[in-house]
Amino acid sequence: MSDRLLLATFEQEDDLLAATSEVRRRGHKIVDVYTPYAVHGLDRAMGLKASRLTWVCFICGMIGALGMLWFEHWVGSVTWPIDVGGKPWNSLPSNVPVAFESAVLLAGFGSVFALLAVSRLFPGKQAHPVIERVTDDRFVLVLDEADAQFDVSQVKAMLMPFNLVELEERVVSAGGTH
Amino acid sequence: MTPESLSSPTIYRQLTKLAIVGAFVLAIGALVAPERTWSNLLLVGFYLVTLGLGGALFISLNNVCGASWNICFRRIPEAFSGLLVPTGLALLGVLALRYQQYGWHHHGEGDAGTFWFKELWATPSSWMIRSVAYVVVWILLSRALVAVSRRQDKSGGVGLSILSRRLSAIFLIAYAITFSLASYDWILLLEPMWFSTIWGVYNFAGMVQATLAAMIVLTIFLRKRGPLRNVVTDEHLHDLGKLLLGFSCFWMYIWFSQYMLIWYTNIPEETFYYMARTQGSWGPLMVVNIVLNWVVPFFVLLPRPSKRNETIMVRIAFVVLIGRWVDLYLMIFPSTVGGSPLFGFLEIAGMALLIGVFGRLFFQSFAKAPPVPTGDPLLSESLHYHC
């Protein structure tokens, strides 16, 4: 990514969706799109790949279930066998509820913390919206001017039909996009 | 393709033939093995009635929530609820045919404390009166729901949406009470000395699961070959898949809740139900039940792409529909026929009857109204649904 970004601001989600699709069709690099709320279909318009978070969730859940089943078996029938109601020590049904709960717990925590880690969110992090109104009523499409042939006036002409509100060029330091 | 051409003579004739052949084999079976034939009829009747009831339940739940995603294919569950009149009456006939099958509470048996109530509850007359009452309540309320929806096609307007929401709320309350009691009266009472307070929920879970599976099959069929082409999208399919996945897990949860408490406490008056169902060849069948109803749907439907894939969804729906049959088989047959699990001509005939009657009644009912509820104000929202 270069250090020169182009911020295109829109007022309507439909305009943003159409503009995003068009920009992608022309092969410009989309850095990100900022919206006040989740816009349906934006992931497809941006060409985002399917989230891998589901795999994190599934694997954490499996670790929770299988790990707890193993642990219960180890506790209940290897290291400290206790006779409960005359049941065999390695009784699977008695181990299922806790295994289920720990699967849910690990899947939940795993997904949340994986999401926070990947998005680099942590308590006390300062918010730096690209523009203030993106948290209220503006939709911002951020493009990368990496391409040597990137012509701002041409891009502007392309975006104008989508009721472009504002076009801003911004130079960012290597540290972040803002 | 219009609904008229869908109810084309070929589909009709084949489904009718299937039902007639099934009924014919069962009629012969009634002479040879009356108990087993009756058990098959009870299974098929209960299966069909719960599919019809499930359709009305699906509409009501969505109406009460103010949901819009389901509207574009709402005529499918509406056609399901059309099953209730013929199959409900047929099931009542089956019940009346062999009411003595239900081992009535004989004097001096069971817990002394609650005995008087059980005796009163389980007399053939009060049992039959209740059975008729359940079916009548379901028929009246579901017909009202469908009638309001069809009237909206002509008149449109929000007023009728509000009316069906109110009707739905009434249906849900009536359903919760009557279906729970009906599942006790018609299935659990085959083992009058056994008890399970979670029985109603367990039957509810299986019912919704099977209804969703049948709806998925028909939604995909009508999208590929019929009037719902370009109406039902992958988004709707995805949500149906999510619901099926959820209810498979719910069924497993309830199944296990019932099993584990009885296994843990290990009291003979409760365990005999599972003893009969885990010994001999019944044991593997219990495992098959869990595999079909939970293991397969859970692991296959978990990834997002498989819920948006027609082929996978239809296959899983069929697995669940077979699983529902096995589940009901395990509830009914060890109590009535006993011995070893039997699968022969009579069971196949029962399945043929099930498929034939269901398909025939469904297409007949579906053809009676426009395939999409055009008068519903939320229809366009439903058509543009994105999940």
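Start by selecting Asn230(B), which is exposed because its relative accessible area is 73%, above the 50% cut-off. Keep in mind as you go that this is a predicted model. Asn230(B) sits in the loop that links helix H9 (199–225) to helix H10 (234–265) of chain B. Check its backbone while you are there: phi is positive, about 65 degrees, although this residue is not a glycine. Most residues other than glycine have a negative phi.

**A second asparagine, in chain A**

Now jump to Asn163(A). Here too phi is positive in a residue that is not a glycine, at about 55 degrees. You will find Asn163(A) in the loop between helix H5 (152–159) and strand E4 of chain A. Is Asn163(A) buried, exposed or partly exposed? With a relative accessibility of 47%, Asn163(A) counts as partly exposed.

**Into the strands of chain A**

From that loop, carry on into E4 itself, residues 166–171 of chain A, and show strand E1 (residues 4–10) alongside. E1(A) and E4(A) pair in the antiparallel sense over six bridges. To see one place where they face each other, select Arg4(A) and Val171(A), which stand opposite one another.

Next, add strand E3 (residues 139–144) of chain A, which is joined to E1(A) by six bridges and runs antiparallel to it. A good pair to select here is Phe10(A) with Phe139(A) of E3(A), since these two stand opposite each other.

Why is E1(A) described as largely enclosed by the rest of the structure? Six of its seven residues are buried, so the strand is largely enclosed.

**Where the chains meet**

Bring both chains into view. Which residues should you pick out as the contact region? In this model, 13 residues of chain A are in contact with 12 residues of chain B. The size of an interface is often given as the accessible area lost when the parts come together. Between chain A and chain B the buried area is about 1100 Å², and carbon and sulfur atoms give 72% of that.

For the charged contact, select Arg44(A) and Glu235(B): they form a salt bridge, with the closest N and O atoms 3.1 Å apart. The count of salt bridges between these two chains is one. There are also six residue pairs in polar contact between chain A and chain B, with both partners at pLDDT 80 or more.

Now color helix H3 (53–79) and helix H4 (92–118) of chain A, each of which supplies at least two residues of the side that touches chain B. H4(A) gives the most to that side, with five residues. By class, the side of chain A touching chain B is made up of seven nonpolar, four polar and two charged residues.

**Two last stops in chain B**

Select Ser60(B), in helix H3 (residues 34–65) of chain B. Ser60(B) counts as buried because its relative accessibility is 0%. Leaving aside neighbours within four places in sequence, Ser60(B) is in contact with Leu145(B), Ser168(B), Phe171(B) and Leu172(B), so show those side chains too.

Finish at Ile11(B), in helix H2 (residues 9–32) of chain B. Ile11(B) is partly exposed, with a relative accessible area of 21%. Add Gly359(B) to the selection: Ile11(B) and Gly359(B) are 348 residues apart in sequence, and their C-alpha atoms are 8.8 Å apart in space.

Technical notes. Residues are numbered from 1 along each chain as its sequence is written. Chains are lettered from A and ligands numbered from 1 in the order in which they are written. This is a predicted model: local features need pLDDT of at least 70, side-chain atom pairs count only at pLDDT 80 or more; totals for chains, interfaces and linings use all residues. Side-chain values use heavy atoms; hydrogens and water are left out. Contact means heavy atoms within 4.5 Å. Buried area is the accessible area (1.4 Å probe) that two parts lose on being put together, summed over both. A salt bridge is a side-chain nitrogen of Lys or Arg within 4 Å of a carboxyl oxygen of Asp or Glu. A polar contact is a pair of N or O atoms within 3.5 Å; within protein, one must be able to donate a hydrogen and the other to accept it, and residues adjacent in sequence count only if both atoms are side-chain atoms. Helices (H or I, at least four residues) and strands (E, at least two) are DSSP runs, numbered from the N terminus. Ala, Val, Leu, Ile, Met, Phe, Trp, Tyr, Cys and Pro count as nonpolar, Asp, Glu, Lys and Arg as charged, and the others, Gly among them, as polar. Buried means under 20% relative accessible area, exposed over 50%, partly exposed in between (1.4 Å probe, protein chains only). Two strands pair if DSSP finds at least two bridges between them.
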